[in-house]
Every structure is written in structure tokens, then in C-alpha cells.
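Dear colleague,

Please find below the sequence and structure that I am handing over to you. My findings follow directly after them.

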Amino acid sequence: MPQVRARQMREKSVDELREQEKTLREQIFKLRFQKATGQAENPQSIALVRKELARVLTVLTEKQAAGG
């Protein structure tokens with residue numbers, strides 16, 4: 001999964017960011033489940049997805065602070 005920079009995320013709308021947040025949360029769930037069952041191909045991918053989610057949440061917070 002290619003990393004997306006915060007600068008690129010700031011160009012997205014709030015709805016797009018919320019959809020991306022939902023997708024990343026589902027992906028983390030699936031990866032954690034794979035890790036627990038011993039089927040994880042790349043255990044480090046959990047950390048990468050968590051960082052990506054943190055970026056999305058940071059940009060969402062910035063947009064909410066600027067808008068309201």
C-alpha cells in the first residue's frame with residue numbers, strides 16, 4: 001500500500017477522509033485478526049496502516065478546527 005502524504009490528504013474533502021478512515025479501520029481489524037491466527041504475511045503492515053490512519057485523523061482534526 002503506497003503511503004499518502006498529509007499534504008495530499010489536505011486536498012481531499014472531509015467525506016473522502018471519513019471514507020478513508022473507515023477503510024483503514026477495517027484494514028487494521030483484518031490485519032490484527034490475521035496476526036492473531038498466525039496468517040499474517042507482513043506483521044509490520046499493521047504499524048504502517050496505523051500511521052496512515054493517524055495522518056487521516058490529524059488532517060480531519062485540522063479541517064474541523066479551521067471550519068468551526
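The protein has 3 helices and 0 strands, and its pattern along the sequence reads α-α-α. Please bear in mind that this is a predicted model.

As to overall dimensions, the C-alpha trace spans about 45 × 20 × 15 Å along its principal axes. The protein comprises 68 residues, of which 22% count as buried. About 5300 Å² is exposed, and 50% of that area is supplied by carbon and sulfur atoms.

Turning to the interior, the largest nonpolar core is made up of 11 residues: Met 9, Leu 17, Leu 24, Ile 28, Leu 31, Ile 46, Val 49, Leu 53, Val 56, Val 59 and Leu 60. Two elements, helix H2 (14–37) and helix H3 (45–67), each give two or more residues to this core. H3 provides the largest share, with 6 residues. Such a grouping may be read against a general tendency: in soluble globular proteins, nonpolar side chains tend to be buried together.

Ile 28, one of the core residues, offers a local view of the packing. Apart from its neighbours within four places in sequence, Ile 28 is in contact with Val 49, Arg 50 and Leu 53. For the protein as a whole, contacts between residues at least 6 apart in sequence join residues at least 24 apart in 75% of cases.

Finally, regarding charge, the protein carries 14 positive and 9 negative charges, and the mean positions of these two sets lie 7 Å apart.

With kind regards

Definitions and conventions:
Residues numbered from 1 in each chain as written. Predicted model: local features only at pLDDT ≥ 70, side-chain atom pairs only at ≥ 80, totals over all residues. Heavy atoms only, no water. Helix = DSSP H or I, 4+ residues; strand = E, 2+ residues; numbered from the N terminus. Buried < 20%, exposed > 50% of the residue type's maximum accessible area, 1.4 Å probe, protein only. Contact = heavy atoms within 4.5 Å. Areas by Shrake-Rupley, 256 points an atom, 1.4 Å probe, with all protein chains shown as cover. Lys, Arg positive; Asp, Glu negative; His and termini not counted. Charge placed at Lys NZ, Arg CZ, Asp CG, Glu CD. Core = buried A, V, L, I, M, F, W, Y, C linked by side-chain atoms within 4.5 Å.
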